[in-house]
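Here's a quick look at a protein model, with an eye on its cysteines. Have the structure open while you read.

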Amino acid sequence: MTADAYLVLRCDAADQAESDGRCGAEGSWPIRFDPHTHRELRRLLKGRGWRRTRDGRDHCPNHAGSQQEVTT
């Protein structure tokens with residue numbers, strides 16, 4: 001028996017419609033890839049419209065063009 005981990009990124013944009021105040025969009029890749037790192041996942045998701053901001057937040061395609069702040 002083998003176990004595997006699938007990485008998931010969650011959008012860090014503010015969204016007051018969500019229960020925790022953050023966008024609920026998640027990005028993942030349906031198959032295993034190497035190297036299995038968040039950096040590689042971000043590279044793959046960039047082609048699907050995901051963006052990483054200079055301050056280290058991940059934004060889904062719906063929020064990639066906006067400059068929304070995270071509310072904590």
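## A buried cysteine

Cys 60 has 1% relative accessibility, so it counts as buried. Keep in mind that this is a predicted model.

What sits closest to the sulfur of Cys 60 among the other cysteine sulfurs? That would be the one in Cys 11, at 3.6 Å, which is too far for a bond. The cut-off for a disulfide is a pair of cysteine sulfur atoms within 2.5 Å, and the 3.6 Å gap between Cys 60 and Cys 11 therefore doesn't qualify.

## The other cysteine, and the tally

How many disulfides turn up in a search of the whole structure? The search comes back with 0. Cys 23 isn't part of one either: its nearest cysteine sulfur belongs to Cys 60, 3.9 Å away.

Cys 23 is buried too, because its relative accessibility is 7% and anything under 20% falls in that class.

## Layout of the chain

Zooming out, the protein has 1 helix and 4 strands. Read from the N terminus, the order is β-β-α-β-β, with the helix sitting between two pairs of strands in that order.

## Surface and contacts

Of the 72 residues in the protein, 28% are buried, and Cys 23 and Cys 60 are among them. The accessible surface adds up to about 5,200 Å², and carbon and sulfur atoms own 47% of that.

As for contacts in the protein with a separation of 6 or more, 42% of them link residues that are 24 or more positions apart.

Technical notes. Residues numbered from 1 in each chain as written. Predicted model: local features only at pLDDT ≥ 70, side-chain atom pairs only at ≥ 80, totals over all residues. Heavy atoms only, no water. Buried < 20%, exposed > 50% of the residue type's maximum accessible area, 1.4 Å probe, protein only. Contact = heavy atoms within 4.5 Å. Areas by Shrake-Rupley, 256 points an atom, 1.4 Å probe, with all protein chains shown as cover.
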